[in-house]
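User: Hello! I am new to this structure and would like to learn how to read the surroundings of a ligand. Could you walk me through it?

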Amino acid sequence: MPRYLVTGGAGFVGSHLVLALLDRGAEVVVLDNLSQGHRAAVPSGATLVEADLADATRVAEVFAAWRFDAVLHFAALSLVGASMKDPLHYIAENVGHSLRLAEAAIKAGCLRFVLSSTAALFGEPERVPIDEECRIAPSNPYGDSKRMVEEGLAWAERIHGLRYAALRYFNAAGSDPAGRAGEDHDPETHLVPLAIDAALGRRPALTVFGDDYPTPDGTCIRDYVHVTDLAEAHLAALVRLETHGSCRYNIGSGTGASVKEVIAAVERVGGRQVPHSIGPRRAGDPAVLVAASDRLRAETGWAPRLGALDDIVRTAWAWREKHPRGYGDR
Ligand code: UDP
């Protein structure tokens, strides 16, 4: 039975990946400090090691206790706004933790590494949809920290033979269709859960960050990809690593939706109005971010199964309606 180490497996995307691995019969060890993740998000079939990646001794102990077929690395600081306030902390933590983790994996003889990367690598993109050949030019420290990690992994590949997959997520949303996991951030900053909570009357009205962008309805366009499809993309990348070298993939559904279209989808699916008002633009928001995922599709056969916006909203709505306090552990 293959065995995987998943850092950040108590977080949103990580917990959905853990479910996908367990569903395939794999053994999973989650390493998470629970600073942002939730104990209850770790499925009972996985082993949780509550530890911080800064604790090199603990990390080495984990690699000594288990032999892993691959490491899937999700644990990171991931708020763009916070990274603009505290850039050096973001870079030091994301880069330091990731590369030390890769070093520990290599020392233990584990030469497969999947990195949770980001569309923020592309900053204000030179073209849309964004393919892997687009210029890498992050416009915030968060995106730049992931660029640095990707570059570090490339050196580890050349010198140590590490095979890595860098997966650049666009907007992960939705939740496990079987209702076993969902999205619960503190603070919540993401559009889909905020719009749903506004519709459910759990939050004040949603503020739309600008309606004067050069898009058909004036609001920003993003590529919302279902978190379960995203998890499947990791499995596809793992298979690919066994037969090919390292890879870098942009992952989205390939279609964009504006903020107003997301609000309309929430109203359609939930049958309730989303109270909202138009506010100023949010600093650093590009007008349009849509992924070209052709390379991932062509090289692995991956395709989104839950790509439609209504599927994303339906699953997210079901989980949030059932879990008014999220995982309820804060
Ligand atoms: N957004 C918004 N109001 C909010 C939160 C987000 O208008 O309260 C917009 C944001 O400007 C962006 C889109 O919704 O265009 C998606 O934002 P989110 O923070 O979910 O993801 P991001 O694209 O920043 O990764």
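Analyst: Happily; we will go through the ligand's surroundings and then a domain record. Please keep in mind that this is a predicted model.

User: Which residues come nearest to the ligand?

Analyst: A good start is to list the residues around a ligand, counting those with a heavy atom within 4 Å of it. Here the ligand has 15 residues around it, and L191, T207, F209, R282 and D285 come nearest.

User: What kinds of residues make up the shell around the ligand?

Analyst: Sort them by character. Eight are nonpolar, four are polar and three are charged.

User: Which element gives the most to that shell?

Analyst: That is strand β8, with four residues. β8 spans 206–209, and both β8 and helix α6 (191–199) supply at least two shell residues each.

User: Which polar atoms lie close to the ligand's own atoms, and how much of the ligand does the protein cover?

Analyst: For polar contacts, look for pairs of N or O atoms within 3.5 Å. In the side chain of D285, an N or O atom is 2.5 Å from a ligand oxygen. T207 uses a polar backbone atom, 2.7 Å from a nitrogen of the ligand. N171 has a polar side-chain atom 3.0 Å from a ligand oxygen. As for cover, the ligand on its own has 510 Å² of accessible area, and the protein covers 85% of it.

User: What does UniProt list for residues 5–252?

Analyst: An unreviewed UniProt entry gives "domain: NAD-dependent epimerase/dehydratase" for residues 5–252. In the model, that span is 38% helix and 19% strand, with its end C-alpha atoms 24 Å apart.

How values were computed:
Residues are numbered from 1 along each chain as its sequence is written. This is a predicted model: local features need pLDDT of at least 70, side-chain atom pairs count only at pLDDT 80 or more; totals for chains, interfaces and linings use all residues. Side-chain values use heavy atoms; hydrogens and water are left out. A polar contact is a pair of N or O atoms within 3.5 Å; within protein, one must be able to donate a hydrogen and the other to accept it, and residues adjacent in sequence count only if both atoms are side-chain atoms. Accessible areas come from the Shrake-Rupley method with a 1.4 Å probe; for residues, only the protein chains shown count as cover. Ala, Val, Leu, Ile, Met, Phe, Trp, Tyr, Cys and Pro count as nonpolar, Asp, Glu, Lys and Arg as charged, and the others, Gly among them, as polar. UniProt positions are given in the numbering used here, feature names are shortened, and annotations may be inferred rather than shown by experiment.
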